[in-house]
Amino acid sequence: MSARVLPQTHFSPLSDVAHRHHEPGRSARGICSLQTYTVGSGAPVPRWLKLVLALPRYTLRSSHTFLAVYMITYYNGLGASLGFLSFFVAAARSVDVVSDPFMGWLTDSTTSRMGRRRPYLLVAPPIYGLALLLHVLPPRLPEGRPISLWFGISYIAFFLCDTAFSVPYQALSQELTADQRERASIFFYQIALSFLGLLVTVALPVVVARVAPLRTAYGTAVGSIVGIYAVGVWGTVASVRERTHGAGPAGADGAAA
């Protein structure tokens, strides 16, 4: 029985990279160019790429849980009205009904040399991080309507940013390979890190608040979220190449970006 021949991909095994690294005259740029994986190539997805791709899921679940656990009580302590807070939470989640399908259409319709998903991921970390920071660390505002409005505007803005970058990220995760076993493995990495992020991010403010002000504890949690998010998102952008032409994710024809 003949051995199965895997399709070619832009990714080379780490052992091959190490071997090439010692070849005379081999440039660092040439070595780095081997560390990429082409969407839909059909080759096995390396474990390190599954881990990098799972890092944003560490932060997505943890940021949502962090806001739900801490921010209502925090803003209420700053003088925000519970009625306003409840209204804006419901409004932000209702916006998803429109923003999710719109963002799906937008990223599906995008054409660029980088592909359909990676352009959004490239700009995601600073915008996502700023939106989260502005919500978690509000300026000193009068009690009542001013602080309540800050909560509402920054909360809705954060979830709009979350949608704008989560939709292309989730799409890229599904398009990476058509192999069901590989998809299940990628999903396992993502779920494992999402629960780890949930536990760490919920516990971190409690630990830091024992030795520092509450605002510092929340800022530390946000810093950990944004830092891990940036590593995962930019690592994915650097390590994955999309096919720039064709309709289907796995078997589409065209050049890799």
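Is arginine 116 buried, partly exposed or exposed, going by its relative accessibility? Keep that in mind while we take a look around. One thing to know before we start: this is a predicted model.

Let's begin with the whole chain. The protein is built from eight helices and two strands. If you walk along from the N terminus, you'll meet them in the order α-α-β-α-α-α-α-α-α-β. There are 257 residues, and 42% of them count as buried. The outside adds up to about 13300 Å² of exposed area, with carbon and sulfur atoms supplying 66% of that. Now think about who touches whom. Take the contacts between residues with a separation of 6 or more: 77% of them join residues that sit 24 or more positions apart.

Back to arginine 116. Its relative accessibility is 21%, so it counts as partly exposed, since the cut-off for buried is under 20%. What does this residue pair up with? Side chains of opposite charge can pair when their charged atoms come close. Arginine 116 does this with aspartate 108, where the closest N and O atoms are 3.9 Å apart. Aspartate 108 is itself partly exposed, because its relative accessible area is 43%.

Arginine 116 also has a salt bridge with the side chain of glutamate 175, at 2.9 Å from N to O. This one ties together distant parts of the chain: arginine 116 lies in the loop between helix 4 (82-109) and helix 5, glutamate 175 belongs to helix 6, and 59 residues separate the two. Glutamate 175 has a relative accessibility of just 10%, so it counts as buried. Zoom out a little and you'll find a network of salt bridges linking Asp108, Arg116, Arg117 and Glu175.

How many salt bridges are there in total? The count comes to six. Another of them joins glutamate 182 and lysine 50, with 3.6 Å from N to O. Here too the partners come from distant parts of the chain, 132 residues apart: glutamate 182 is in helix 7 (residues 180-208) and lysine 50 is in helix 3 (residues 47-77). Both ends are tucked away. Glutamate 182 counts as buried because its relative accessible area is 15%, and lysine 50 is buried because its value is 6%.

Next, look for proline 138, in the loop between helix 5 (118-136) and helix 6 (145-175). Is a residue in this loop buried or exposed? With a relative accessible area of 2%, proline 138 is buried. So what lies around it? Leaving out residues up to four places away in sequence, proline 138 touches Tyr74, Tyr75, Leu78, Ile147, Trp150 and Arg215. Pick leucine 78 from that group: it is 60 residues away from proline 138 along the chain, yet their C-alpha atoms are separated by 9.7 Å.

Finally, let's move to the surface. Leu122, Val123, Ile127 and Trp234 form a nonpolar patch there, and together they have about 340 Å² of accessible area. Which element gives the patch its largest share? That would be helix 5, with three residues. Valine 123 is in helix 5, and it counts as partly exposed because its relative accessibility is 38%. Compare that with proline 138, which is buried at 2%, and you have two spots to find in the structure above.

Notes: Residues numbered from 1 in each chain as written. Predicted model: local features only at pLDDT ≥ 70, side-chain atom pairs only at ≥ 80, totals over all residues. Heavy atoms only, no water. Helix = DSSP H or I, 4+ residues; strand = E, 2+ residues; numbered from the N terminus. Buried < 20%, exposed > 50% of the residue type's maximum accessible area, 1.4 Å probe, protein only. Contact = heavy atoms within 4.5 Å. Patch = residues over 30% accessible without salt bridge, like charges linked within 9 Å, V, L, I, M, F, W, Y side chains within 5 Å. Areas by Shrake-Rupley, 256 points an atom, 1.4 Å probe, with all protein chains shown as cover. Salt bridge = Lys/Arg side-chain N within 4 Å of Asp/Glu carboxyl O.
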